[in-house]
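Here are my notes on the empty space in this model and on the framework around it. Please read them with the structure open.

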Amino acid sequence: MAFTTLNPATGKVEAEFEPHAPAQIEERLALAARTFSSYRSTSFSDRAGWMRAAADLYDAEQPDIARVLTTEMGKTFAAAKGEVAKCAMCLRWYADRAEALLADEMVESPAGRSFVRYQPLGPVLAVMPWNFPLWQVVRFAAPALMAGNVGLLKHASNVPQSALLIEDLFRRAGFPDGAFSTLLVSAAEVAKIIEDDRVVAVTLTGSGAAGRSVAAAAGAALKKCVLELGGSDPFLVLSSADLDRAVDVAVQARVQNNGQSCIAAKRFVVVDAVAGEFVPRFADAMAALSVGDPFDSATDVGPLVSEAQRTEVAAQVDDARAKGAVVVCGGETLPGDGWYYQPTVLTEVGPGMRAYDEEVFGPVAVVEPVADLDEAIRVANRTSFGLGSSVWTRDPEEQRRCIEELAAGMVFVNAMVASTPELPFGGIKRSGFGRELSNLGIKEFCNAKAVRVA
Ligand code: NAP
């Protein structure tokens, strides 16, 4: 089956690519292994030079790259340009810091000179999703390549142009051939690649179902695996919140990337004291968003990625409506070409409704009023996911309790959850395991070698 760019704004086929044949896959795996044997000994300064050259290409070609992202998955052009700029920033961040982050760590010991040395593992397979077609890949590749690993990318099937473009950018930046290769393969071929002796580890960003398959294959092959899975992040609005800011950020946090972000705020947990003001203001702001052509600079929310994705979101909302949820705004697909869905706010929701129990990957907010902080924390934690959480309060004691008690990989206070190179990114429970970014992310694919010289 060919890999196809199907424009979500029009439903039209823009480009098609043939999958790699077995011989091409073999060639890329062999090249990755060969390249690693020499690339692992390149200096940090060489790798940093190539990384900075890649960042310069991302900056210089920003509009062209962004056009590919918008055409392949429908994010607004402004968001796509922001994604390209963020990638350039992350490439430079690791270029500047990798050597210090991976320096030998001395350990005090009576038994002799002791230290930990961080060394690369080898070719790492990255299985990546379409929602941030560039950023998801760069946040794996920047630390992995700076550590001396080489990368193999199996990107989502609907973003083949992005997949090929990333490989091309690393090559043109000067990285040796095979330091970063794209494999145009289907999900069904992933397990076989994980089994291959030349692949030493795998990282997956995607759904729980894909995580289960990849973790099972990695387990069977006894290989390291990192999983970044879905989320149903709570957004807690407490009584001392700055409501003007909270409303603005709530909207942005829900509809960013047309509502298709793992760290989008999905459940709005609001204390009764402010729910009467917050909920109508939030719903009015959601209803006022402009939905349409992602290339139009006036558009706030573009289409969902595919017809299937829109059907899924509509089914989750319809299920809640049928079980008694109140649709405060939105709740309908938009007629005409493209896979548009109205920004939606649901209240009177609860367990047993799909929109409450599952991750909703679209511009749909679920609002749940609660009596107080204790109930807010209980409700926030009542989910099988544990990725991010955003808390709005000016009260230091409430902030302390949320930081301490929220069951999530990330807690952002008076701010929207975001991925940035300086902080570790990842979740607990069914949101996965392992960390990307920061000092922790670069060590995920390193051998922490214990050394003692007696
Ligand atoms: P997906 O269907 O799981 O796809 C993600 C990647 O996994 C794609 O490359 C896909 O390939 C591949 N894949 C799917 N099934 C597989 C299998 N059984 N074995 C091996 N590979 C498989 O997810 P998606 O719908 O594209 O992305 C949305 C999900 O990703 C959401 O749940 C979102 O929350 C999550 N996400 C998490 C993070 C995070 O950092 N925690 C970030 C972004 C997104 P094909 O395209 O060929 O099927």
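1. **Cavities.** The structure, a predicted model, holds four cavities of 30 Å³ or more. The volume of the largest cavity is about 90 Å³. Its lining has 13 residues, and Phe-140, Pro-143, Glu-436, Gly-441 and Phe-445 are the closest to its centre.

2. **Walls of the largest cavity.** Which helix gives the largest share of this lining? Helix α5 does, with four residues. Both α5 and α15 (438–444) supply at least two residues each. By class, the lining of the largest cavity has seven nonpolar, two polar and four charged residues.

3. **Second largest cavity.** This one has a volume of about 70 Å³. It is lined by 15 residues, with Pro-234, Ala-380, Phe-385, Gly-388 and Ala-407 closest to its centre. Seven of the lining residues are nonpolar, six are polar and two are charged.

4. **Domains.** The domain assignment splits the protein chain into domain 1 (3–229 + 429–453) and domain 2 (233–413). Taken over C-alpha atoms, their centres are 30 Å apart. Domain 1 puts 24 residues into the contact and domain 2 puts in 27. Keep this split in mind for the pockets.

5. **Largest pocket: position.** The largest pocket holds about 740 Å³ of space. Why does it lie between the domains? Domain 1 and domain 2 both give residues to its lining, so the pocket lies between them.

6. **Largest pocket: lining.** There are 33 lining residues in the largest pocket. Nearest its centre are Pro-129, Trp-130, Gly-206, Ser-207 and Ala-210. At least two lining residues come from each of α7 (190–195), β8 (201–205), α8 (208–220) and α11 (307–322). The class split for the largest pocket is 17 nonpolar, eleven polar and five charged.

7. **Second largest pocket.** The volume here is about 510 Å³. The lining has 25 residues, and those nearest the centre are Ala-79, Phe-132, Gln-256, Asn-257 and Met-416. Helices α4 (77–101), α5 (135–146) and α9 (243–255) give two or more residues each. Helix α4 gives the most, with four residues.

8. **Second largest pocket: domains and classes.** What do the two domains give to this lining? Domain 1 and domain 2 each supply at least three residues to the second largest pocket. Its lining divides into eleven nonpolar, nine polar and five charged residues. Helix α5 deserves a note: it gives residues to the lining of the second largest pocket, and it also lines the largest cavity.

9. **Six-stranded sheet.** Now the framework. An open sheet of six strands runs in the order β7-β6-β5-β8-β9-β17, and its pairing is mixed. Strands β7 (180–182) and β17 (432–433) are the edges, each pairing on one side only. Inside the sheet order, β5 (residues 123–127) and β6 (residues 150–154) pair in the parallel sense over five bridges. In this pair, Val-127 stands opposite Lys-154 in β6. Strand β8, named in this sheet order, also supplies residues to the lining of the largest pocket.

10. **Helices on the six-stranded sheet.** Helix α1 (residues 22–39) packs on the sheet and touches β5, β6 and β7. Its direction makes about 155 degrees with that of β6. Helix α6 (residues 160–173) lies across β6 and β7, and runs at about 155 degrees to β7.

11. **Seven-stranded sheet.** Another open sheet has seven strands in the order β12-β13-β14-β11-β10-β15-β16, again with mixed pairing. Its edge strands are β12 (326–329) and β16 (412–413), and each pairs on one side only. Strands β10 (residues 233–237) and β11 (residues 265–271) pair in the parallel sense over five bridges. Asp-233 stands opposite Ala-265 in β11.

12. **Helix on the seven-stranded sheet.** Which strands does helix α10 (residues 272–287) lie across? The list is β10, β11, β12, β13 (344–347) and β14 (364–370). Helix α10 runs at about 145 degrees to β11.

Note on methods
Residues are numbered from 1 along each chain as its sequence is written. This is a predicted model: local features need pLDDT of at least 70, side-chain atom pairs count only at pLDDT 80 or more; totals for chains, interfaces and linings use all residues. Side-chain values use heavy atoms; hydrogens and water are left out. On a 1 Å grid over the protein atoms alone, a cavity is a set of points where a 1.4 Å probe fits but cannot get out, and a pocket is an open set with protein on both sides within 12 Å along at least five of seven lines; lining residues have an atom within 4 Å of a point. Grid points are joined across faces, edges and corners, and a volume is the space filled by probe spheres set on the points. Ala, Val, Leu, Ile, Met, Phe, Trp, Tyr, Cys and Pro count as nonpolar, Asp, Glu, Lys and Arg as charged, and the others, Gly among them, as polar. Domain bounds come from an automatic or database domain assignment. Two strands pair if DSSP finds at least two bridges between them. Contact means heavy atoms within 4.5 Å. Axes are lines fitted to C-alpha atoms, for helices over the stretch in contact, and angles run from 0 to 180 degrees between N-to-C directions.
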